[in-house]
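Visitor: Could you take me through one part of this model up close? I would like to hear about the charged side chains and what they pair with.

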Amino acid sequence: MRGVEFGGVALNLGDFPIGVMAGDMLPGRAMIWTRYDGGRRVVARVVEVNADDQIIDHVLDRVVTPAPGGFIHLDVTGLAPSRIYRYAFLEQAGGRFTGRSRLGRFQTPPADDQNCGVVTFGGTS
């Protein structure tokens with residue numbers, strides 16, 4: 001997976017100092033974000049993967065613009081319920097990708113009418 005979609009692009013922790021995060025998942029959408037301190041164009045890339053981390057579908061390549069402070073938030077829509085996704089933010093210069101953030105992973109929750117299977121909670125005090 002990484003060789004085709006992400007691995008050929010060098011990791012750049014200097015310009016992506018806090019890694020990546022995902023949250024606010026719904027069956028068809030998720031919010032992804034990072035902070036970018038560089039000065040190049042940034043593209044968010046999302047791919048759907050199977051349980052073995054093999055790519056099933058290339059979902060999104062979208063140019064994103066950092067807000068003041070370098071923060072990038074992207075609401076990714078059009079996702080399928082109960083699916084696993086990988087994502088990264090890629091620097092682009094001269095028509096090629098020159099650096100990337102760490103890779104992130106998230107899973108969308110099941111649709112309202114889907115069985116979510118067994119859920120186990122643990123606790124301690």
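**Charged pairs up close**

Guide: Let's begin with Asp 53, which forms a salt bridge with Arg 86, the closest N and O atoms lying 2.9 Å apart. Asp 53 sits in the loop between β3 and β4 and Arg 86 in strand β6, so this pair ties together parts that are 33 residues apart in sequence. Both Asp 53 and Arg 86 are buried. Please keep in mind that this is a predicted model.

The salt bridge of Asp 53 and Arg 86 has company, for the count comes to seven salt bridges. Another of them brings together the side chains of Arg 29 and Asp 75, at 2.8 Å from N to O. Here too, distant parts of the chain are linked: Arg 29 belongs to strand β2 (residues 29-35) and Asp 75 to strand β5 (residues 71-77), 46 residues apart. Arg 29 has a relative accessibility of 16%, and because buried means under 20%, Arg 29 counts as buried. Asp 75, at 32%, counts as partly exposed. If you follow shared partners from here, salt bridges join Asp 24, Arg 29 and Asp 75 into one network.

Next, look at Glu 48 and Arg 83, whose side chains meet in a salt bridge of 3.2 Å, N to O. This pair also links distant parts of the chain, with Glu 48 in strand β3 and Arg 83 in the loop between β5 and β6, 35 residues apart. Glu 48 is buried, with a relative accessible area of 8%, whereas Arg 83 is partly exposed at 37%.

Strand β3 (residues 41-49) also holds Arg 45, and it makes a good last stop. At 9% relative accessibility, Arg 45 counts as buried. The side chain of Arg 45 is joined to that of Asp 61 by a polar contact of 2.8 Å. Asp 61 has a further polar contact, this one of 3.3 Å, between its side chain and that of His 58. His 58 is placed in strand β4 (residues 55-64) and is partly exposed, with a relative accessible area of 34%. To see how Arg 45 and His 58 are placed, compare their C-alpha atoms: these are separated by 8.2 Å, while the two residues are 13 apart along the chain. Asp 61 is thus a handy residue to centre your view on, with side-chain polar contacts to Arg 45 and to His 58.

Terms used
Residues numbered from 1 in each chain as written. Predicted model: local features only at pLDDT ≥ 70, side-chain atom pairs only at ≥ 80, totals over all residues. Heavy atoms only, no water. Helix = DSSP H or I, 4+ residues; strand = E, 2+ residues; numbered from the N terminus. Buried < 20%, exposed > 50% of the residue type's maximum accessible area, 1.4 Å probe, protein only. Polar contact = N/O pair within 3.5 Å; in protein donor to acceptor, adjacent residues only side chain to side chain. Salt bridge = Lys/Arg side-chain N within 4 Å of Asp/Glu carboxyl O.
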